[in-house]
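This report sets out the architecture of the structure shown below. It moves from whole chains to individual sheets, helices and residues.

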Amino acid sequence: MAEPGVTQRLAAAGAAFTDPPAEGTVSTEPGALDAAGTRSPLSGLLGPAGGPVTFEERPFVGKLTLRGDPSNADFMAAAGKVLGTDIPTDPCRFVEHDGFRVHWIGFDNWLIHVPEGAEGPLKTKLEAALEGIHSAIVDVSDYYTVIRVQGAKARRLLQKGCPIDLHPRTFGPGQCAGTVFHHAAIFLAQTDADTDGGASYDIQIRWSFARYLWDYFVDGAREWGG
Amino acid sequence: MSQSYRIEGKGRIDRSKPIRFTWNGRSYQGYQGDTLASALLANGVRLVGRSFKYHRPRGIMTAGSEEPNAVVQLEEGARTEPNTRATMAELYDGLTANAQNCWPSVEFDVGALNAKLSRFFPAGFYYKTFMWPAALWEPLYEKIIRRAAGMGESPEEIDPDSYAQHFAHCDVLIAGGGPAGLSAALAAGRTGARVILADEGAEFGGSLLADTVEIAGKPAADWIAETVAELTAMPEVTLLPRTTVSAYYDHNFLTLTERVTDHMGPRADDSVPRQRFWKVRAKQTILAQGAIERPLLFADNDRPGVMLASAARTYINRYGVLPGREIVVFTGNDSAYPAALDAKAAGARVEIVDLRTDPKGPLVDHARAQGIEIHAGCGITGTRGTKALHGCDVAPLSEDGKSLADEPFSIGCDCIAVAGGWNPTVHLHSQARGKLSWDDTKQCFVPGYCQWPTRSAGAGNGTFDLAGCLDEGLKAGAAAAHEAGFGKGAAPEAPAVELSEEGPARQVWIVPSDVPLGHGKKHFHDHQNDVTAADIHLAAREGYVSVEHLKRYTTTGMGTDQGKTSNVNALAVMADIRNARIPEVGTTTFRPPYVPTTFGAIGGQNRRHLFLQERTTPMHAAHVANGAVFEDVGDWKRPWYFPRDGEDMHEAVQRECRQARETCGLLDASTLGKIDIQGPDAAWFLNMMYTNKWDTLAVGKGRYGVMLNEHGMVIDDGVTTRLAENHFHMTTTTGGAARVLGMLEEWLQTEWPERQVYCTSVTEQWAVCTITGPNAKALMADLTDDIDVDPANFPFLAYRTGTVAGAPARVYRISFTGDLAYEVNVPARHGLAVWTTILERGRKHGLVQYGTETMHVLRAEKGFIIVGQDTDGTVTPMDLGMNWIVSKKKDDFIGKRSHSRSDTAREGRKQLVGIMTEDPNVVLPEGAHLVNQPGKPPIAMEGHVTSSYMSPNVGRSIALGLIKGGRDRIGDTLHAPMMDGKTVHKVTLTEPVFFDKEGKRTNG
């Protein structure tokens, strides 16, 4: 892991290698590095609090993609055994088990979310279990980050940019979908049942698009006092 | 004269809330609930604008969104909005509006001279006048035409308001909240279906808001209130007042424009969007937009004071405003009689001019009983007054309605309420490509078959009586909900209404005058575009008989109102000329939007920093802190160069280039595309996708590959490394990342589904720090303890894993500079810390961070191509002098077959060469063409410059280019004529490698 003191070194490095940058080019990005010397794309950004919609980054959720042939019983059995649950074959559904969440994202494609740090051991176990079975397990934990959106206006906020139908009659807890939010490809999952007309979603977004999506949410929530 | 036209005790306005507003610089008072139009009429303001072409004085003609005349400039400065219909603009405190298309004022308008010269401005005037010479089209004629065509002024400042978009889905979308639309919503809503009901007005109720009728024994207003209350209580019903369903696209995709705060006026706080643009997917739609009354075509029918009878009634009953004190109702049907009766009751002197020779029925009897004089069998043959109407001439018509049967007589009046029949609002139905059919009885187009699940109800369906509207609405609502999966389809019983029996109508499409058509008096059918019946005759004489030609020749039906009041009249005139039935003449295409839509609403939040995403790498914060100047590479913001104090771009790049070769340099290469490829057939797959061989690659080693399309042309390149027997890590160009993955998937899924390969994008999983230069080894040694970085043990194109700068890393010995280089890949979360650590540790090794410009120069020094810059989709590997990378041993790879095509295999194709200018200080512009001998054009082009830089390491300018037969012409002299037409640079063709030609530096 990164060595101590790195957090403070960013500014020093800037000063060491250039003369003071021109006005207006200095980053106002909050939060450089965290204590572990790592940084998530939305580090230090605070979403609206106390309003009818809140959102926050869930940095470093462990993420693995799993590819394999669902008609291959060996594959399904081996993967299911490691995960402790049958992997879903119903489109756009996810199952949760023991802190793991397995999302169907394609007929031979699953996205697994695990607590931070659990992705490595899980990948090793899956690879061992699937030895000799055509499959692929790829760690994409850092490719994406997750923004959790919740509250009475969560659905309204998402529908400012997401064209799929999120109405409770057609989309509920346990469902997930790859879709877009304006220019950003997103993967969203509804994590909780509706309460007080609101719902909770996890939005997976590519690292480089995270700030765009975040800024869109910030702008979009303003009308509700966000 | 404050609000002297108000009718005591009438209207839905709130008299306890007076509102001040400014019109043409003068302050007036209106009430909450007024529109700008009703408030102006209440204050006796008749003249509201000048017409488009002749600058004739014009007044308010309608009370709805179909208004052709009263389009005004609303507000000033950044919030100014042209072409706002005064009939739709709700009054708010401080509203400011001005008349358009007049100078210096609407009262005294210089442009009115056009009216005097009107015989010189026939239809097609612009086409005829501004024809020759063609050279003047753009520089002169367009300017003249644009100036003359005044339709208000666009704002010149940034729009200070905010806007939003909203995606929605529903079972039943209902356009129009009048009696039919409300009934439909009720019937559909009661089934539990998801219903959206949108109406463009501030209140639901539509025509009922101006009616005195009773429903179920109660005033219509009570029925509206009860219905809206019931709908409001339904959780799955969304009520959208002030919302126009503006467009109907394929597969029941519709857009709606909701005016969220327009009625409140400008606000400093923009947190709530001014307008919301809805994108709705509806399983079923019900179109209940009602009908628009047709004006009558009579002589000089455009004076301020001439308005639709239904509008007059709306002003009286809904807004409590008398549109005139002496009103002549001119009609050919019964529907105008209630307007006459209401005007009479409100205190106006009323006379009726009825085209019918023997009007009869309860309404006619009622009018007579009220002492209203009816001039039966008569028409209006002319009007008097310029800025305000003060009289009309009336004469009996001949039996065929084409001439006068007697001398005209005069009636004094300040308002003519015109009723020429009704046109169902079929716009959305037609936008959806629904057919229209002509109803001979009703004399109007009604909706016919449509391929999408839609139905029309009420007046919009040609059902003009209230009982029919309510009944049809309920049935449509129930049926639509049923088809969407809700309810049994049975409609609730319609509430009882008094049956209004109407007599037959008489349609006279052109009311004759005492002078021939087009001589001295004008029969306007299109008020907004100043098109007259005589213009249609002219168009027909000149051969423009097709309705599409007619429209473009005369401009009828164009403009902000899109001919809502004029189109059918125009068709009728043309039908008369051609002696054809109206449906034979046809209709023009109805296009979205139904009414003008603010660009802001369409754009929504997609502006300013949200207009386009800016993709940044994990190291971006450091780049910003280090003063990088950024270059846009696709959506990415990549550091272009890092200027130090006082340096311009040239100086910074020259320094970066020199230092990267002398000591070492650091590049953020995170944006390169990365694809994880796994499976037993992975090597076979790479053999097919790339031109060279991959099955022979050892595990732990990488290889450069060139990817072609089926035409054999280079489309991407990069190094792919074999991580394990069946596991590869492919890199692509930054811009090609998504395209290449798409291509891999396309071949796998469509051509080789039996092959066992999985591709996964990992582009952003890895942050990439490229360290290059003679000191790279020493710096790397300072960064890692567990990787032997000595090139002797870690050879070129090999791959190692370990810990670099404290982070888990994959290190590739890949070089895009030709120098000893290491590509350090770390998980993105470590990118910033690793970058910062490398910068710090690099100090003692003379490390310089460099951007994409220096990257370009360094690779050009080595003659390394950039796909997309040195190639353009027409370049083969052989054209690039890279025959070595095209395997002769493989049976196949994508693009192979095309290499034997005659054009691909021929001699003399453009080939990549180096280009040296005679003057080493001259940097040729990229794109410059080379010729054999300078001279006067036309001149044969030999090729062009693709890359060109000043190279500090070569000590002179260098360039790459694609030159015909270039490989065989190395050493030849060519010329590069410059854009100024004078300068010509002499150049020599060379090998495309300028630096370290022996390639000794790759291993330090």
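## Chain A

In this predicted model, residues 24 or more positions apart supply 59% of the contacts in chain A with a separation of 6 or more. The chain contains 5 helices and 10 strands. Of its 226 residues, 54% count as buried. The accessible surface of chain A is about 9200 Å², and carbon and sulfur atoms account for 53% of that area.

## Chain B as a whole

Chain B has 1004 residues, of which 61% are buried. Its secondary structure comprises 24 helices and 49 strands. The C-alpha trace of chain B spans about 115 × 70 × 55 Å along its principal axes. Among the contacts in chain B with a separation of 6 or more, 65% are between residues 24 or more positions apart.

The exposed surface of chain B amounts to about 39000 Å², with 52% contributed by carbon and sulfur atoms. Chain B carries 105 positive and 120 negative charges, and the mean positions of these two sets are 3 Å apart.

## The six-stranded mixed sheet

One open sheet of chain B has 6 strands in the order β40-β41-β42-β39-β33-β43, and its pairing is mixed. Strands β40 (799-804) and β43 (847-849) of chain B lie at the edges with a single partner strand each, so one side of each has no neighbour in the sheet. From one strand to the next, the twist averages 25°.

Within this sheet, strand β41 (residues 807-812) of chain B runs antiparallel to strand β42 (residues 821-827) of chain B, and 3 bridges join them. One bridge places B:Y812 opposite B:E823 in β42(B). Helix α18 (residues 649-662) of chain B packs on the sheet, where it touches β33 (664-668), β39 (766-772) and β43 of chain B. The direction of α18 makes about 140° with that of β43(B). Helix α21 (residues 776-783) of chain B also packs on the sheet, with β33, β39, β40, β41, β42 and β43 of chain B touched by this helix. The direction of α21 makes about 135° with that of β39(B).

## The five-stranded antiparallel sheet

A further open sheet of chain B has 5 strands, ordered β35-β36-β37-β34-β38, with antiparallel pairing. Its edges are formed by β35 (702-708) and β38 (758-761) of chain B, each of which pairs on one side only. The twist from one strand to the next averages 25°.

Strand β35(B) pairs with strand β36 (residues 714-724) of chain B in the antiparallel sense over 7 bridges. In one of these strands, β36(B), residue B:T721 is the bridge partner of B:G702. Helix α20 (residues 737-751) of chain B packs on the sheet and touches β34 (673-678), β35, β36, β37 (727-732) and β38 of chain B. The direction of α20 makes about 25° with that of β34(B).

## The β21-β22 hairpin

Strand β21 (residues 378-384) of chain B is mostly covered, with 6 of its 7 residues buried. It runs antiparallel to strand β22 (residues 391-396) of chain B, and 6 bridges join the two. The bridge partner of B:I380 in β22(B) is B:V394. Between the strands of this hairpin there are 6 residues, and B:G385 takes a positive phi near 105°.

## Helix α8 and its surroundings

Helix α8 (residues 337-345) of chain B is largely enclosed by the rest of the structure, because 7 of its 9 residues are buried. The buried residues are B:Y337, B:P338, B:A339, B:A340, B:L341, B:D342 and B:A343. They pack against α7 (309-317), β18 (326-331), β19 (349-354), α9 (362-369) and β20 (373-376) of chain B. Just after α8(B), B:G347 takes a positive phi of about 110°.

## A loop residue: B:D250

Residue B:D250 occupies the loop between β13 (243-249) and β14 (253-259) of chain B. Its relative accessibility is 46%, so B:D250 counts as partly exposed. When neighbours within four places in sequence are left aside, B:D250 is in contact with B:R281 and B:W452. B:D250 and B:G30 are 220 residues apart in sequence, and their C-alpha atoms are 43 Å apart in space.

Note on methods:
Residues are numbered from 1 along each chain as its sequence is written. Chains are lettered from A and ligands numbered from 1 in the order in which they are written. This is a predicted model: local features need pLDDT of at least 70, side-chain atom pairs count only at pLDDT 80 or more; totals for chains, interfaces and linings use all residues. Side-chain values use heavy atoms; hydrogens and water are left out. Helices (H or I, at least four residues) and strands (E, at least two) are DSSP runs, numbered from the N terminus. Buried means under 20% relative accessible area, exposed over 50%, partly exposed in between (1.4 Å probe, protein chains only). Contact means heavy atoms within 4.5 Å. Accessible areas come from the Shrake-Rupley method with a 1.4 Å probe; for residues, only the protein chains shown count as cover. Lys and Arg count as positive and Asp and Glu as negative; His and the chain ends are not counted. The place of a charge is taken as NZ of Lys, CZ of Arg, CG of Asp or CD of Glu. Two strands pair if DSSP finds at least two bridges between them. Axes are lines fitted to C-alpha atoms, for helices over the stretch in contact, and angles run from 0 to 180 degrees between N-to-C directions.
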